[in-house]
Structure formats: structure tokens, C-alpha cells
Amino acid sequence: MKLLVPVKRVVDYNVKVRVKSDGMGVETAGVKMSMNPFDEIAIEEAVRLKEKGIASEIIAVSMGIAACQETIRTALAMGADRGILVETDVELQPLAVAKMLKALVDKEQPGMVIMGKQAIDDDMNATGQMLAALLGWPQGTFASKLDIADGTATVIREIDGGLETVALTLPAVVTADLRLNEPRYASLPNIMKARKKPIETIKPADLGVDPAPRLTTLKVVEPAKRKAGVKVANVAELVAKLRNEAKVI
Amino acid sequence: MNDLVQPIDLSPHAAIRNEVRKLCAAFPGSYWRALDRDNLYPEAFVRALAEGGWLAALIPEEYGGSGLTLSSAAAILEEIQRAGCNGAACHAQMYIMGALLRHGNAAQKAEYLPKIASGALRLQAFGVTEPSSGTDTLALQTTARRDGDEYVVNGQKIWTSRAEHSDLMLLLARTTPREEVQKRTDGLSVFLLDMRAVRGSQLTIRPIRTMMNHATTEVFFDHMRIPATALIGEEGEGFRYILSGMNAERILIAAECIGDAKWFTEKSTNYANERVVFGRPIGQNQGVQFPIAKAYARMRAAELMVERAAALFEAGQDCGAEANIAKMLAAEASWEAAEACVQTHGGFGFAEEYDIERKFRETRLYQVAPISTNLILSYLAEHVLGLPRSY
């Protein structure tokens, strides 16, 4: 079974993001970029499936500017076999990404798409669901455990009320939550091997998709500064304040 | 400036730096503080580096390494230091094998290099310095006398780092008495000593407690018998073999100092931005800013010299002057950054939980080891500037 794993280049989780001076996005110039952490978990899961003999090939896909090659190389160093870069300077939104992924799925015919549940830059949490809908495939989102046997993927999902187990008939889309696994570090020999693995570069037009944004960003602002809190002397005062001032109990 | 005009760094260094940083994130300050308190060796850290193949960067692929250039190895060590970890625990695993690689025979290389590459064997100890001969290496008194198929070694080494945590030692000993040699640099030989076989009886290792957790020792050889096959290259040529590895060592240690300087400067700027006194961040005061900025400028200048020395080394050109200058400037830059960091933090700089005092003690070493700054100046004065030999 082939696995397709989309990987997104995002601002590194350690970076304190700043709003750009034009107020239309966050500053990325000179900022450390990394693979979306949830996508790292997706790659790790795919590599484990390959090590178990369930998967035969892992294709890492990234979309965006040429620098997304770095993200693909990271995936290749972790154990993906080859990469596809859909190169475009256009700002990509979930629906465009899902459409392009669908076109790639039609072409590559993977048995499963494993991807991060969301990207830490815009936190949309939409692409996986949109892709499943476009493909007409079952979806197992927020996966914290994945088992595959006899053409069925059993996914334990993290939901508000606890854990939900779903059985999906393959092919399917699975999106990775934080606790699915702990991604490995790439070893030096694997980084060097990754440099020899192929990355195919194509354009959105090659997939027959117009990636132009359908949503318009009006403005991006910093969150309001937290105001200083107050100290309470005892529990009674706390309860009184919560009841009378905050009116939450 | 938007993202599109940024140069894309697809060199292996970018990926190397990223992955080393990730690995080091699993070994935060608390890990090192606990080791420091109990004077313990960072086993888990060294194992993680070995398993990731990082210490085998310079070993050729045919022996199980990655066959990378010196500047890649420098990038690895710089990132380790920059992340607040201490590469001194194992950096020698990277370069001591150079003598074996360049001068060992096919059988020795096939026997040892793959195991050193995998980390199954540690070659981290370098037995050169003796109590009565510091930088005057030719005056060393440890002897190795040929006896049939063996050599019998007697003598003592000091400041032999990591000997307790290493399986193998590269040992320099005198095989021909000083008064019998034709050239004064003849008569020393290099051995790949398998310490596992002789430790406890003929070989004694005593740890020396130092101001930082560096696992250094003194080593005693008492009629220690080692097989003649342990000899690397030709008998009597050892001094030249050792010298040929020193430039690499200088450049790698300079890279570590650059990493230290970056760690200190990041700490300094973060704290100077966050710490508010008299209603404004202390970093707003030029008296706080300038030492940090000056140390940063010194680091960048030293970094250029490290890059220059590594480029010459990789091109196979003589880099003795550049490697020495790089090491001196980088060690001074890391010390200046360390000073600025302590001063910026005030009392907190002395508190263990800030890690500054630990790194401060660690980085001070590099103005003394592996060669002291004075000897570098003597080298430059004599060999580069043509001034009279001063010693």
C-alpha cells in the first residue's frame, strides 16, 4: 500500500510570531521555518507502517514556495521514499490544497492519506476533512491510535468527551493528533540518504487546479495584552468574586 | 523583505543543524545540571549522538560513517554548544580516529573504524600530555619497548579526558630514546591502545576533579603489555601523525566556542529584553547593550576565521595559522560573550538554574585546552611573522 503524506512548511513552534507591518499576515522573513509538528507525527506514523510491512512506499507532498523542498527533505530523512513539490507563490488555503491533493491522489492511487490534523500557523483544521469529502473517502480525524488489518483502518479519535473508535474501509484519510506517536529524529546517515531521494516539482496547473484564494484576509492583529490579575486572600473571597464580579458561578 | 527573496539553504548543513537542535532539545539544562552536581558522564546524550550517526560524520562511508567534510562536523559541534549541551563529552570521538584513518593499515581500519562509527567502541581518549611535558610534547617520558610480538609501556599521562568512558586510547609514547634519534622529532610512536584488555592491572585511570564536569583523568602504565599490531603506521613517526590531526581539532573546538558564544548572547539578549528594572527593560541601557553587542561582533569575526580555516583544510591546503587563529579568537569571543552574559544577569548569572555559571566554567577551558592562547601567539610570532623562537 502506498501512503501519501502532506507536509506543510510553517513558522517554527519556538518562534514568537509578530504581525507584519502591513497588518496582513505574520512576519516570516528571517524567521526559522520547520515542518508542521502534526505533519511530523503523520510522517512518523507512515514510516512505522512501512517498517511493519503494511506500507510499501511513502510519498511526501508539500505545496508552496521552492523553500518547501527543505520540508520535504526533512520528511525524506525521517523515512519517506520520494517527494512531490507543488510549487506556487500563491497564498494557499485549505480548499485549494485539498483539491490539489485530490488530483495527486487520483494520479498516485495511495491506499491512505495520513496528515496532520491542522497546521500550527493558521490552525484551520480543514484540509483533511475537505480532502476526504472531495474523494468520497471515509475519514478518521484526530487519531491517537491507528491499526490496519484486512483493508480496515481502526482509528481511536480524541474527541471532546473522550476517545471514540471508528473503523474505516480503506482507502481513507487519517489526520494525526498529538498523541499518535513521538516522531523520531533523523539520523545523520538518513539525512545524507535523503539528499539522493527524488523530489518531483510540478505546478498547480499540472493538476488542473486554480489555487487562487477564495477567502480574503481583512486584517491580522496581535492578541490583546493580558491585563494584570488580582490576588485574593482566601477561598471565600475567590468564590465571592467569581460569583458577584465574574458572574461565572 | 518577503519570504520569496530569502536564499534557500539546501546544503546539508541546514538539515544537520536542524536535526542536531531537535536532538539536543531532549537534553535541557536540568539534565546537565544533574550530571554536574554528581560529576557524572552524559551517557544518554553521548548514546543519542552515536545512535544518530553524528559522531561518525568524518568517518568515510565505506567504514560506516557519513564521509562528511570538516565544516559539517563543525556545524554539528557548534549546534550542540549553541543548544546549551556540552560536546566536550564526546567531540574527540569525531576526530581522534583521524590518525587511524590516515596512518593505520587496512586491517586496523577494517577492525576498528566501523565499530567507532556505530558507537560500539569509544575512541575518545588521547594520551599525549604528561606531568613533566605539557606543550613540549617531544619531552614526554612514557616509553614503549618492543619485546617480541608485544610492546611494554611504562609511564604516566595527565589531563587525559574521558579515559574512564572510552574503550580505546590513542597513545603517544617514546620508542627510541631521545639521545639516539637523528632528528629531534623522531622516536615517538602512536598506538591504538585497547584499554579494556589491560585496565585495572597494568593500566590505572584516576579521575581528576576539576572546576567543571569534564571527566578528565591521569593514567598510569605499569609494565603494560600491548600487541605489536597496536602500532599505528611506522615506528618513530608518531609525532608527525599527531601533528597532522591538530588542525582539525583546533577548527572543531573553535566551532564549539562559536556555538557557546551564540548560546550566551541569546541568553543575554533574552534576559536584557525581559528584565524590567526602574520601569523599563535593562537592555535599554547602553551599558547593558554594548558588552553584548561587542561580544556578538567578536563572535561573528571569529566565525569567519573558523569558516576560512575549514575551507583551507577541506581544500587540502596548509591551514596551521588559520586553525590556530580561529581557535584563539573563537575562545576569546565565547569568553567575552560569557562575561557579558553573567554581567547582564547580575546575581541570577550565578544561580545554577540559569545554566550560565555552568557554561561559563565550561567555555573557559578553551583558552587553555587543547592548546593555550600563549602557545598560539608564539606559533604565530615564530612561524608566520618570522620572529625569533621564544622558548
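A polar contact is a pair of N or O atoms within 3.5 Å; within protein, one must be able to donate a hydrogen and the other to accept it. The exercises below concern a predicted model.

**Exercise 1.** Characterise the polar and ionic pairing between chain A and chain B.

*Solution.* Step 1: between the two chains, four residue pairs are in polar contact, both residues having pLDDT 80 or more. Step 2: two salt bridges are found across the interface of chain A and chain B. Step 3: a salt bridge links B:E274 to A:K16, with the closest N and O atoms 4.0 Å apart.

**Exercise 2.** Determine which elements and residues form the side of chain A that touches chain B.

*Solution.* Step 1: 26 residues of chain A are in contact with 26 residues of chain B. Step 2: the area buried between the chains is about 2000 Å², and carbon and sulfur atoms give 58% of this. Step 3: A:Y185, A:L188 and A:I191 supply 29% of the area that chain A buries against chain B, more than any other three residues. Step 4: in chain A, α2 (68–78) and α5 (188–194) each supply at least two residues of this side, and α5(A) gives the most, with four residues. Step 5: by class, the side comprises twelve nonpolar, five polar and nine charged residues.

**Exercise 3.** Describe the packing of α4(B) against α9(B).

*Solution.* Step 1: the axes of α4 (residues 70–82) and α9 (residues 238–274) of chain B come within 7 Å and cross at roughly 35°. Step 2: the crossing is right-handed. Step 3: the contact involves residues including B:L70, B:A73 and B:L77 of α4(B), and B:I251, B:L252 and B:W263 of α9(B). Step 4: the contact residues divide into ten nonpolar, two polar and five charged.

Notes:
Residues are numbered from 1 along each chain as its sequence is written. Chains are lettered from A and ligands numbered from 1 in the order in which they are written. This is a predicted model: local features need pLDDT of at least 70, side-chain atom pairs count only at pLDDT 80 or more; totals for chains, interfaces and linings use all residues. Side-chain values use heavy atoms; hydrogens and water are left out. Contact means heavy atoms within 4.5 Å. Buried area is the accessible area (1.4 Å probe) that two parts lose on being put together, summed over both. A salt bridge is a side-chain nitrogen of Lys or Arg within 4 Å of a carboxyl oxygen of Asp or Glu. A polar contact is a pair of N or O atoms within 3.5 Å; within protein, one must be able to donate a hydrogen and the other to accept it, and residues adjacent in sequence count only if both atoms are side-chain atoms. Ala, Val, Leu, Ile, Met, Phe, Trp, Tyr, Cys and Pro count as nonpolar, Asp, Glu, Lys and Arg as charged, and the others, Gly among them, as polar. Axes are lines fitted to C-alpha atoms, for helices over the stretch in contact, and angles run from 0 to 180 degrees between N-to-C directions. A crossing is left-handed if the near helix is turned anticlockwise from the far one by less than a right angle, and right-handed if clockwise.
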